Amino acid sequence: MSFLVLEGLTKRFGDQAAVDSLDLVVEQGEFVSLLGPSGCGKTTTLQMIAGFVEPTSGSILLDGRDLLAIKPSQRGLGIVFQSYALFPHMTAAENVAFGLEMQGVPRAERSQRVSETLALVGLAALADRYPRRMSGGQQQRVALARALVIRPRILLLDEPLSNLDAKLREEMQIELRQIQRTVGTTTILVTHDQAEAMALSDRIVVMNKGRVEQIGRPHEAYEKPASAFVAGFLGKTNVLPAAVEQRNGAAVASIGDGSWPLPAEASGRVTVSVRPEKIAFIDQADCSLAGTVRTRIFQGNHWLYQIDTACGLVTVIRQNAGEMMPAEGAAVRLTWRPQDMTVSPAGQDGRI
Amino acid sequence: MSRNGPLALAFHTLFVTFILAPILVVCVVAFTPEGYLSVPTDRVSLRWFRAIADYPEFIDAFWNSVWLAAASSAIAVGFSVPAALAIARYDFTGREALTALFLSPLMVPHVVLGIAFLRFFTQIGLGGTFVGLVLSHIVIVFPFALRLVLSSAVGMDRAIEHAAISLGASDFAVFRRVTLPLILPGLASGWALAFIQSFDEVTMTVFIAAPGTVTLPVRMFLYIQDNIDPLVTSVSACVIAITVVFLVVLDRIYGLERLLVGRGSGDGA
């Protein structure tokens, strides 16, 4: 049976829908990310689960029970806030102990669980320190320990890593994933960082303007984006205009001077997106697009190309396999496999 | 921090001198051996300090002032907490009007308040009582208390309270364990500022104080109407000395800057 079920969840502020009939099913122990640009409704969704924002309509079921009927303080959810929201007048240990105190856990058990959890996040030595005397990363760990110590039914993470510098963020990503695997708590992460969502999650929910664009495993969402928006948001992509016509009973997409067979049902003017690393240089003329190398940048393990074509600038990433690569100003032909294209109706801009 | 130029330095020195000079003069004059207000030239005397003991009404008035200031400030701060939290957090109709109403005692001249309270208290049977004095002082110190409590309530991260709620805290527990400790610097500075306002107030109090409930400033005011002698300067010198000691102690245990600027909600220990 599904653990957490969001059904038709909607929140309107005035006539603006911050979240528009969101449906999501989360299994026990799963790590799910809500990913999207700012204003896409991901934080509002989290706050509705937490109980700080009341939904306009829809329902939230946790383990078969209606979560909306339960007061926020009784929901038993652990939340890590973007600002950490530690209690500044309490030490790390007191911060972590707060939730247990509220549950009326006896003192002896309380202090044991506090030190266990602080050890889990690697802060056993700093138990008596006040938050203001800790680094951002350490405060982050205290916040995580404080949320985990109450053995929450769900762990909600609201952009928990966005205030950390890039190196620390990567370390915390790995650690967060390990800790989540260790304790096995069902986790929902809100983030605008696609790399973070892909690194941490079992599944990603890509949101845009209050609506779900795609729900899927990171690899699947990256390789088979459901829309140009998802393709553009999850990693880099090239957006190319194309015209689809029927030739001999099969759909064919014309892109610039090249044409590709289309597996999907489509017609008329469409937008095709192709990942930079899926594009190769080729000598033959079929299934390829002509262009001129504008810039070529060497990045160690790969080359980054900008190619001028009839469809605009196309970015190409090629592995550095030690071969000769086209120089700047060279005339080239670009090709990719038909299954590497994502086709969406024209007018949809894949970029943000 | 930019350095001050010589011109700015001279200006600041002059300015500070101008502010401090009267206080200094009062303290010096208090040590005069003469029977009139003069700066002691050849010798100093404690004559006028000893004279305070002959006027127990000054001592009584001093305690009246202290209790009055302490009580009215405490009650004003007590009322300002819910008011400040409501104004800081909720966007309700009449919010602006309510804020203006709370701050309006700043706009009304104290002479007018004095006459109004005199008439009103006589009508309801509180004329000349200490309770009446406390009530009137609550009204005039409330804006000061509210402003400082409000600034600490506005500056508080709501997520901290949300964190407490998510950890299972009841509304009361959130307030007592999280909200109150975090706005405590604002409460303390609001109380201190309100205390000073109340202790200092003479224009309104002179109308409503009865012989048994006279405050120190009113007593001094009444005294110099009849006598021009250095007694008021020695009383002033005592008040200044007490204030200085009070401020030093406060600075040691709390940090004066934090108290008066009203910051520190982020790192209250």
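## Close-up views of cavities, strands and chain B

**View 1. Who lines the largest cavity in this predicted model?** The walls come from Y222(A), E223(A), P225(A), A231(A), T237(A), S273(A), V274(A), R275(A), K278(A), D340(A) and T342(A). Here a cavity is a set of points on a 1 Å grid over the protein atoms alone where a 1.4 Å probe fits but cannot get out, and lining residues have an atom within 4 Å of a point. The volume is about 70 Å³, counted as the space filled by probe spheres set on the points, with grid points joined across faces, edges and corners. Sorted by class, the lining has four nonpolar, three polar and four charged residues. For that sorting, Ala, Val, Leu, Ile, Met, Phe, Trp, Tyr, Cys and Pro are nonpolar, Asp, Glu, Lys and Arg are charged, and the others, Gly among them, are polar. Domain 1 (4–231) and domain 2 (236–345) of chain A each put in at least three residues, with bounds from an automatic or database domain assignment. At least two lining residues apiece come from α7 (218–223) and β14 (268–274) of chain A; helices (H or I, at least four residues) and strands (E, at least two) are DSSP runs numbered from the N terminus.

**View 2. A strand from that lining, β14(A), with its partners.** Five of the seven residues of β14(A) are buried, meaning under 20% relative accessible area (exposed is over 50%, partly exposed in between; 1.4 Å probe, protein chains only). Strand β11 (residues 238–247) of chain A runs antiparallel to β14(A), joined by seven bridges; two strands pair if DSSP finds at least two bridges between them. In that pair, A243(A) has R269(A) as its bridge partner. Strand β20 (residues 342–345) of chain A also pairs with β14(A) in the antiparallel sense, over four bridges, and T271(A) is matched with S344(A).

**View 3. The second largest cavity.** The whole structure has three cavities of 30 Å³ or more, and the second largest holds about 50 Å³ of space. Its lining is made of L46(A), Q47(A), A50(A), F52(A), I79(A), F81(A) and D158(A). Helix α1 (residues 42–50) of chain A gives the most, with three residues. Five of the lining residues are nonpolar, one is polar and one is charged.

**View 4. The open sheet of chain A.** Which strands make up the sheet, and in what order? Six strands line up as β6-β7-β8-β3-β9-β10 in chain A, with mixed pairing. β6 (77–80) and β10 (211–216) sit at the edges with a single partner strand each, so one side of each has no neighbour in the sheet. The twist averages 15° from one strand to the next, using axes fitted to C-alpha atoms (for helices over the stretch in contact) and angles from 0 to 180 degrees between N-to-C directions. Strands β7 (residues 154–158) and β8 (residues 186–191) of chain A are parallel, with five bridges. D158(A), one of the residues lining the second largest cavity, bridges to V190(A) in β8(A).

**View 5. Chain B, for contrast.** Chain B has twelve helices and zero strands. Its C-alpha atoms fill a box of roughly 70 × 60 × 30 Å along the principal axes, and 42% of its 269 residues count as buried.

**Notes.** Residues are numbered from 1 along each chain as its sequence is written, while chains are lettered from A and ligands numbered from 1 in the order in which they are written. In this predicted model local features need pLDDT of at least 70, side-chain atom pairs count only at pLDDT 80 or more, and totals for chains, interfaces and linings use all residues, with side-chain values based on heavy atoms, hydrogens and water left out.

Methods
1 Å grid on protein atoms, 1.4 Å probe; cavity = no way out; pocket = protein on both sides within 12 Å on 5 of 7 lines; lining within 4 Å.
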